[in-house]
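Subject: Structure for you to look at

Hello,

Here is the structure I promised to hand over. Please open it alongside this message; my notes follow below it.

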Amino acid sequence: MSLLNVKLPGLDLKNPIMPASGCFGFGREFSQFYDLSSLGAIMIKATTPLPRFGNPTPRVAETSAGMLNAIGLQNPGLEKVLTEELPWLNQFDVPIIANVAGSSEEDYIEVASQISKASNVHALELNISCPNVKTGGIAFGTIPEVAKQLTKKVKEVSSVPVYVKLSPNVTNIVDMALAVEDGGADGLTMINTLIGMRLDLKTGQPILANRSGGLSGPAIKPVAIRMIYEVSQHVNIPIIGMGGIQNAEDVIEYFYAGASAVAVGTANFVDPFICPKIIDELPSLIEKLGFDHISECEGRSWRKHERLTYHRG
Amino acid sequence: MIKQENCLVVDQLEIADSIYKLTLQGELVTEMNNPGQFVHIRVGDESGPLLRRPISISSIDRSKKQFTLVFRKEGIGTSKLKDKVPGMSVDVLGPLGNGFPVNETESGGTALLVGGGIGVPPLLELSKQLTANGVKVIHVLGFQSGNVVFGEEEFSKNGETYVVTVDGTFGYKGYVTDVINQYQIDFDSLYACGPTPMLKALETRFSNKKVFLSLEERMGCGIGACFACVCHTPEDETGYSYKKVCTDGPVFRIGEVVL
């Protein structure tokens, strides 16, 4: 019996581990390392109506326990994703969560209505939290009412459940979560990157051509854990947690905070085998902690549970 | 095929000021094809650094399943790498990218190999393979200063070698292009690796020749997934068309990408 299967709106997952959007392309590169069908789901790279080149280079800079990126939503555009990337992914037995981005409300509506009709797209991830584009992105993700209205409009046109990806770059994350829940979101994914900057020691100038970028990696895990801990106590929709996950222990910590599934991001760049490794490690860790199923870990940081029983049986 | 392997450290040697030559041994050597490919090295543990470091393969010894990397100690990653001593292991992902096309120069032809600083190392294996094919090789190696010069002896074994330093403290004074001009070096094909200004100078000077340039760019994954190391293509300089340095390169034919 599986210890890992998880059911979420639109998603019947054999395990709760999926690569995060932007860290996995459309899967092609990783398919040379392992069978993508082993994944719980795949969050594909953000798709906009038209192709985007993204920002000038340098686009990445390393930081302590993390990295800054300012890719700028480079993607081949909706048409190519529909005609090339999604059909290619169809060879794998894995649900796709399509990350939807744009510069305007119309952009989001166009991408959402079309991409949600693809047979292997089981859910959308509404990207209102990209910090690296001048228009759109995070602009929709920092004002609760704006986020709520966009969620509502995307919900109206989407053929599949809609998860909204929240930005940590807000004063009150709970207000944002409640607003999009009110707008009809079926779930939340959190967190996107934190805005940061690194300066070059010799020139005094920012290393990234975009000047600022999004911080990801282990450095942001405590920020994500705290936010999921808060938000999960206030909303009635599931949360897919992400931010610095590197191993099975991190996954359990996210579940304890209140996540129902998790996404692995930056770690894919360091170890291309990280997702299957974590999926392999999880069952024995769950048993060691005394649980019969990973869902028993959910919200343990704040739910009233009986005491943890180590080495049960 | 790309492999991930903990390779054994066979040797570690400081060959110039802060320049190290690391010899590694592993099965992935059998996957190495053309010179100019690179490996992505993880030097850190949980305490960091987080990301891998892309480093060009300098030489390959198939019979011993060994390869060498020459790198400059600069930040925390390369500082940790230089501390690896024989008997230790290094996490290597590779070989990655497309290297220099050796067969583009016919036997009996002349190839000019131009390297700048830490761009010199991948030219060594190239020089070896070209020579084995019966190609005459000429090397022009540029460095900032005499204290960071390396490789002259090894390159000289294969062919004529000019060393040039910006400050004139070793060999000729000036830039690689000065030496090429001064000695009116003639060639059938040119292979180069080094800083972008050097590559641009070569591109301008030899736009009518057969030229292959190896680019350097900050990378995330090294396998084409993160889109950190993209560059524009000349036919669509401001548009969407792009090449990835890690998987389409790092070696490009002149005019294939915008420098």
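Leaving aside neighbours within four places in sequence, Cys130(A) is in contact with Leu73(A), Gly137(A), Ile138(A) and Asn192(A). Keep in mind that this is a predicted model. UniProt, in an unreviewed entry, annotates Cys130(A) as "active site". Cys130(A) sits in the loop between β8 (121–127) and α3 (144–157) of chain A. Is Cys130(A) buried or exposed? Cys130(A) has a relative accessible area of 8%. Buried means under 20%, so Cys130(A) counts as buried.

The same kind of record covers a long stretch of chain A. UniProt lists residues 4–285 of chain A as "domain: Dihydroorotate dehydrogenase catalytic", again in an unreviewed entry. That span is 30% helix and 21% strand. The C-alpha atoms at its two ends lie 11 Å apart.

Another residue to look at in chain A is Lys221(A). Lys221(A) belongs to helix α5 (residues 221–232) of chain A. At 13% relative accessibility, Lys221(A) is buried. Beyond four places in sequence, Lys221(A) touches two glycines, Gly243(A) and Gly244(A), along with Asp250(A), Glu253(A) and Tyr254(A).

Now the cores. In soluble globular proteins, nonpolar side chains tend to be buried together. Here the largest nonpolar core has 149 residues. Leu124(A), Ile240(A), Leu282(A) and Val140(B) have the most contacts inside it. Helix α8 (residues 274–288) of chain A gives the largest share of this core, 7 residues. Leu282(A) touches Leu4(A), Ile17(A), Ala248(A), Val251(A), Ile252(A) and Ile294(A), not counting residues up to four places away in sequence. A second, separate core has 25 residues, including Val120(B), Leu126(B), Val135(B) and Val148(B).

On to the sheets. In chain A, 4 strands form an open antiparallel sheet, in the order β5-β6-β12-β11. β5 (60–63) and β11 (194–196) of chain A are the edge strands, each pairing on one side only. Neighbouring strands of this sheet are turned by 35° against each other on average, direction ignored. Inside the sheet, β6 (residues 66–69) and β12 (residues 213–216) of chain A pair over 3 bridges, in the antiparallel sense. Asn69(A) has Gly214(A) in β12(A) as its bridge partner.

In chain B, 7 strands form an open sheet with mixed pairing. The order is β10-β9-β8-β7-β11-β12-β15 (chain B). Its edge strands are β10 (172–173) and β15 (251–253) of chain B. At the β10 edge, 2 bridges join β9 (residues 159–165) of chain B to β10(B), and the two strands run parallel. Thr165(B) stands opposite Lys173(B) there. Helix α2 (residues 122–132) of chain B packs on the sheet. Helix α2 touches β7 (110–116), β8 (136–143) and β11 (189–193) of chain B, and its direction makes about 170° with that of β7(B). Helix α5 (residues 196–205) of chain B lies across β7, β11 and β12 of chain B, at about 165° to β11(B).

How do the chains meet? The size of an interface is often given as the accessible area lost when the parts come together. Chain B and chain A bury about 2700 Å² between them. Carbon and sulfur atoms carry 64% of it. In contact terms, 29 residues of chain B meet 35 residues of chain A. On the chain B side, Leu50(B), Arg218(B) and Tyr240(B) lose the most area to chain A, together 26% of what that side buries.

Last, the backbone. Most residues other than glycine have a negative phi, and most peptide bonds are trans. Please check these exceptions:

- The peptide bond from Thr57(A) to Pro58(A) is cis, with omega near 0°. Pro58(A) is in the loop between β4 (42–47) and β5 of chain A.
- Gly94(B) and Pro95(B) are joined by a cis peptide bond, with omega about -5°. Pro95(B) lies in strand β6 (residues 89–96) of chain B.
- Ala65(A) has a positive phi of about 55°. Ala65(A) is in the loop between β5 and β6 of chain A, and is partly exposed at 39% relative accessibility.
- Phe227(B) has a positive phi of about 60°. Phe227(B) is in the loop between β12 (210–214) and β13 (230–232) of chain B, and is buried at 8% relative accessible area.

Best wishes

How values were computed
Residues are numbered from 1 along each chain as its sequence is written. Chains are lettered from A and ligands numbered from 1 in the order in which they are written. This is a predicted model: local features need pLDDT of at least 70, side-chain atom pairs count only at pLDDT 80 or more; totals for chains, interfaces and linings use all residues. Side-chain values use heavy atoms; hydrogens and water are left out. UniProt positions are given in the numbering used here, feature names are shortened, and annotations may be inferred rather than shown by experiment. Buried means under 20% relative accessible area, exposed over 50%, partly exposed in between (1.4 Å probe, protein chains only). Contact means heavy atoms within 4.5 Å. A nonpolar core is a set of buried Ala, Val, Leu, Ile, Met, Phe, Trp, Tyr and Cys residues joined through side-chain atoms within 4.5 Å. Two strands pair if DSSP finds at least two bridges between them. Axes are lines fitted to C-alpha atoms, for helices over the stretch in contact, and angles run from 0 to 180 degrees between N-to-C directions. Buried area is the accessible area (1.4 Å probe) that two parts lose on being put together, summed over both.
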